[in-house]
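User: Could you take a close look at a single part of this model for me, and then set it against the rest of the chain? I'd enjoy one connected walk-through.

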Amino acid sequence: MRRPVAAAATLAVGVAMITACGSDDSGTPDVATVAPATAVEAPATSEPAGLTVTAPVGSRALASSGRTVAVVSPDGSQLFRFDTATMTAPPTHVQVPGLTALAPDTDGGYLGVGPGSLVVVDAEGRARTAELDTDEPTAVVRAASGQIVVGTADGRVLIYDTESENGEFQKKHDLREFVRVDSLTAAPASAENLDGQVVVLDRAQSSVTPIDPESGEPGPALRAGNGATNSTVDSFGRILVANTRDGEILGFFGSPLVMRFRYPVADGPYAVDYDDTRNLLWVSTTGNNEVVAYDLDDGEPTERQRFASVVQPDTITVDDAGTVFVLSARDGKLQVVPPPGTPLGVTAVEPGR
């Protein structure tokens with residue numbers, strides 16, 4: 001296994017600690033904040049590469065797991081699961097209770113959260129729902145050790161033990177360390193010496209903070225520029241962040257967490273995902289309706305591929321075969337771009353409701 005890349009010496013400057021200074025009456029930490037960054041508005045038209053599949057306008061979330069890619073309907077009540085091997089077929093529909101966030105789970109399944117609900121969907125599309133102790137879930141991920149970690153709009157991190165024999169979930173930790181939780185990443189089992197750490201991205205603090213899912217203890221927070229929006233993690237456990245407001249991508253690694261690089265990216269970097277098959281970081285730039293791939297092998301990102309995206313590419317995911325899926329936040333299009341030289345073999349289909 002390759003070791004994670006080393007930091008460039010000039011990039012160590014400007015990393016700042018963020019520590020809580022108490023709380024106000026609402027329980028929100030009394031810390032310095034910034035206006036949470038949002039995606040740069042995209043041009044109204046685009047000629048996307050690859051092929052597009054019609055998804056409902058206003059679809060909320062996108063994730064890939066195993067042989068499927070899934071989109072959440074605008075009202076959160078349905079999960080559309082497309083078979084990535086034959087996307088000419090209509091997707092299967094899974095009824096779910098108002099999902100607001102989606103993530104891949106083990107063995108081709110998905111995790112979803114909505115107000116008061118935690119949903120586990122298996123590879124066959126069977127959904128099981130458990131009670132969730134929040135009405136404002138914003139993110140969900142499964143840690144390498146099996147715990148399910150949920151973030152909330154009011155800054156809580158809820159950690160649930162692995163499923164018991166009766167299929168229930170038991171809340172293990174309830175952290176109230178953040179202003180808000182916008183993204184969660186979990187170091188995979190392949191990441192050495194990280195002990196399955198989960199990292200929280202808080203847009204209001206523009207920070208990343210590691211958490212031990214076993215103990216529930218947070219580590220030192222690091223500033224992630226002035227407008228971090230989204231994050232992903234690679235097989236080595238590197239945390240890769242879009243700093244939209246400052247026009248750059250950031251890389252963090254280690255325990256304790258350390259910034260390893262910051263690299264300028266024009267036109268509003270926003271959505272991110274990592275291709276472990278080809279070892280590429282994919283970043284959407286909404287200001288010009290494009291998606292760009294970077295190789296991180298040399299310690300500093302090197303552009304390897306770029307393509308025109310659907311309009312307003314606010315969400316992307318990459319499957320195990322290296323196919324990139326891009327969801328438009330504006331016109332209900334799901335873009336499919338396989339690795340170079342791979343036949344598409346798909347046509348546009350209408351999911352229906």
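Analyst: Happy to. Contact here means heavy atoms within 4.5 Å. This is a predicted model, in which local features need pLDDT of at least 70 and side-chain atom pairs count only at pLDDT 80 or more, while totals for chains, interfaces and linings use all residues. Residues are numbered from 1 along each chain as its sequence is written, and side-chain values use heavy atoms, with hydrogens and water left out.

Let's settle on Pro210. Leaving aside its neighbours within four places in sequence, Pro210 touches Gln197, Val198 and Val199, then Glu217, Pro218, Gly219 and Pro220, and also Leu257. One of these partners, Pro220, is ten residues away along the chain, and its C-alpha atom is 7.1 Å from that of Pro210. Pro210 belongs to strand 17, which covers residues 207-211; strands (E, at least two residues) and helices (H or I, at least four) are DSSP runs, numbered from the N terminus. Pro210 counts as buried because its relative accessibility is 9%. The cut-offs are under 20% relative accessible area for buried, over 50% for exposed and partly exposed in between, with a 1.4 Å probe and protein chains only.

Stepping back to the chain, there are 29 strands and zero helices. Of its 353 residues, 55% count as buried. Among contacts between residues at least 6 apart in sequence, 48% join residues at least 24 apart. The exposed area is about 14200 Å², with 47% of it supplied by carbon and sulfur atoms; accessible areas come from the Shrake-Rupley method with a 1.4 Å probe, and for residues only the protein chains shown count as cover.

Two sheets show how strands are arranged elsewhere. Two strands pair if DSSP finds at least two bridges between them. One open sheet has four strands in the order 11-12-13-14, paired antiparallel. Strand 11 (137-142) and strand 14 (171-175) each have a single partner strand, so one side of each is left without a neighbour in the sheet. Strands 11 and 12 (residues 148-152) are joined antiparallel by five bridges, and Val141 has Val149 in strand 12 as its bridge partner.

Another open sheet of four strands runs 23-24-25-26, also with antiparallel pairing. Its edges are strand 23 (269-275) and strand 26 (302-308), each pairing on one side only. Five bridges link strand 23 to strand 24 (residues 280-285) in the antiparallel sense, and Asp273 has Trp282 in strand 24 as its bridge partner.
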